[in-house]
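Reader: I've just opened this one and I'm not sure how to read it. Please take me through it, one feature at a time.

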Amino acid sequence: MPPGASGATVLDIGCGDGTAAATAADVLAGHRIVGVDWSQDALRRAASRLPHTVRGELTGGGLPLATASADAVLFSEVIEHLVDPDAALDELRRVLRPGGHLMLSTPNLAAWYNRGLLLAGIQPVFSEVSMRHIHGRPGTQVVGHLRLYTARALRGFLTAAGFDIVRLAGAPYHDVPRPLRPLDRAACHVPSLASILLAHARRRRE
């Protein structure tokens, strides 16, 4: 979906309150943006940011969208929460047209500080062993991460699911302590060390 192309349909899957699409609003100007979430409460909050919203799930009956009906999918900080990410990517691939774009972000299990934490015998940031409390790692908030990826694992996973990788980049993490933020930004130059993985992939043409 080239910048400036008009009339493209962009799905924000797991849109929450619509922040991801709103953040990219300048790039997405002129496109039809549709927020998709299973939560009615989330969709009510997203309605103030997104012109179109649809209730739907990636598993079970699938999304209430036609096959090959989308030009691009935003999938921001969702995949790490899923029980069945394989089924989710199958459904994203179904609703994307051949050559359609997938823009995905997820925490990096192998972030630079997680490598040090593991060497010290400390549970990595982003990982969780309980849905009730944090045990053995920095932080206090349980966020429900079930799946975590390294850059290599994410590349392999997306490729096996029928996508071609266009670019894999890194992004900083907002909760890194302030004194370490310059190092966290520097790590983004090497995606395999970055806090957050940003993948741009395209549905493979068959």
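Reader: Let me start with a single residue. Does cysteine 15 count as buried or exposed?

Author: The general idea is relative accessible area: buried means under 20%, exposed over 50%, and partly exposed in between, using a 1.4 Å probe and protein chains only. Cysteine 15 counts as buried because its relative accessibility is 5%. Cysteine 188 is buried too, at 17%. Before we go on, keep in mind that this is a predicted model, where local features need pLDDT of at least 70 and side-chain atom pairs count only at pLDDT 80 or more, while totals for chains, interfaces and linings use all residues. Residues are numbered from 1 along each chain as its sequence is written, and side-chain values use heavy atoms, leaving out hydrogens and water.

Reader: Since we're on cysteines, how many disulfides are there?

Author: A disulfide here is a pair of cysteine sulfur atoms within 2.5 Å. By that rule the count is zero.

Reader: Okay, let me zoom out. How many helices and strands does the protein chain have?

Author: Both are DSSP runs numbered from the N terminus: helices are H or I with at least four residues, strands are E with at least two. The protein chain has six helices and seven strands. Going along the sequence, you meet them in the pattern β-α-β-α-β-β-α-β-α-α-β-α-β.

Reader: And how compact is the protein chain?

Author: For that we use the radius of gyration, taken over C-alpha atoms, and compare it with the globule rule, 2.2 Å times the number of residues to the power 0.38. The protein chain has a radius of gyration of 17 Å, close to the 17 Å that the rule gives for 206 residues, so it is as compact as a globular protein of that length. Its C-alpha trace spans about 50 × 35 × 30 Å along the principal axes, and 45% of the 206 residues count as buried.

Reader: Which residues touch the most other members of the largest nonpolar core?

Author: In soluble globular proteins, nonpolar side chains tend to be buried together. A nonpolar core is a set of buried Ala, Val, Leu, Ile, Met, Phe, Trp, Tyr and Cys residues joined through side-chain atoms within 4.5 Å. The largest one has 31 residues, and Ile13, Phe75, Leu102 and Leu158 touch the most other members. Elements giving two or more residues to this core are E1, strand E2 (32-37), E4, H3, E5, H5, E6 and E7. There's also a second, separate core of 10 residues, including Val10, Leu74 and our old friend Cys15.

Reader: What do the buried residues of H3 pack against?

Author: Contact means heavy atoms within 4.5 Å. H3 covers residues 85-95, and its buried residues include Leu89, Leu92 and Val95. The buried residues of H3 pack against strands E1 (9-13), E4 (70-76), E5 (96-107), E6 (163-171) and E7 (196-203), plus helix H5 (151-160). Leu92 also turns up among the residues that phenylalanine 75 touches, together with Ile13 and Leu102, leaving aside residues up to four places away in sequence.

Reader: Where do the buried residues of H4 sit around the axis?

Author: Here we look at an arc, made of the directions from the helix axis to the C-beta atoms. The buried residues of H4 are Tyr113, Asn114 and Leu117. They cover an arc of only 100°, which puts them on the same side of H4. Leu118 and Leu119 are exposed, on the face turned away from that buried side. The buried residues of H4 pack against helix H6 (181-187).

Reader: Which residues form the aromatic cluster?

Author: Rings of Phe, Tyr and Trp (its six-membered ring) pair if their centres lie within 6.5 Å; planes under 30 degrees apart count as stacked, over 60 as edge-to-face and the rest as tilted. There are four such pairs in the whole structure. Tryptophan 112 and tyrosine 113 have ring centres 5.1 Å apart and planes at 75°, so their pair is edge-to-face. Tyrosine 113 and phenylalanine 126 make a tilted pair, with 6.4 Å between centres and 55° between planes. Tyrosine 113 lies in helix H4 (residues 112-119) and phenylalanine 126 in the loop between H4 and H5, so this pair ties together parts that are 13 residues apart in sequence. And the cluster you asked about is Trp112, Tyr113, Phe126 and Tyr173.
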